[in-house]
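Hi there,

Here is the structure I promised to pass on. My notes follow below it.

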Amino acid sequence: MSRISTVEYIWLDGSTPTQELRSKTRMLPYSENMSLESLPEWSFDGSSTGQAKGNDSDCLLQPVYIITDPVRGAGNYLVMCEVMNPDGTPHKTNHRAALRKVMENGGFSQEAYIGFEQEYTFFQEGRPLGWPKEGFPAPQGPFYCAVGVKNVYGRDICEEHAKACNEVGLCIYGTNAEV
């Protein structure tokens, strides 16, 4: 039996007001040095992601960035994709394409640093980690950018997440505890 590489294609869907992550897993011939250029485009049903109507639902995933999958390990990859229309033009939900155009038309000369903020919440027993069993926590003041076990919950997980991203080459500008 030949070995395979598990390649996770990841993209932003058509949800509003905030787009959500989606992914599909593709099995490709094994490679410990897979390149972006070797990855095929792949299609998906845009009617299930808010990116197409049911009678014309094909959308394409165009790989734009590849890293080693920090969970599955060597020979497996995470691939960030842009959503394209069947004719190869950027889909209306593909905001990265519009940003790339701005950068190509002078943005790079400004040495812009572009990214997005990714927030997440840990849950335990059906409620956010650290919340009281009944009611709500105190106002956000003591929790924002806080330190210490009485105000920050799950920091060890957050630090492992940041470490995993750094190890595979995903640039992280910083982290902080939110509310």
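How far apart are the mean positions of the positive and negative charges of the chain? They are 3 Å apart, taken over 15 positive and 23 negative charges. Here Lys and Arg count as positive and Asp and Glu as negative, with His and the chain ends not counted, and each charge is placed at NZ of Lys, CZ of Arg, CG of Asp or CD of Glu.

Please keep in mind that this is a predicted model, in which local features need pLDDT of at least 70 and side-chain atom pairs count only at pLDDT 80 or more, while totals for chains, interfaces and linings use all residues. Residues are numbered from 1 along each chain as its sequence is written, and side-chain values use heavy atoms, without hydrogens and water.

The chain has two helices and seven strands (DSSP runs: H or I of at least four residues, E of at least two, numbered from the N terminus). Their order from the N terminus is β-β-β-β-β-α-β-β-α. The C-alpha trace spans about 50 × 40 × 40 Å along its principal axes.

Of the 179 residues, 28% are buried (under 20% relative accessible area with a 1.4 Å probe, protein chains only; exposed is over 50%, partly exposed in between).

One residue to look at is I114, in the loop between α1 (95–104) and β6 (123–124). I114 counts as partly exposed because its relative accessibility is 44%.

Happy to chat whenever suits you.

Best wishes
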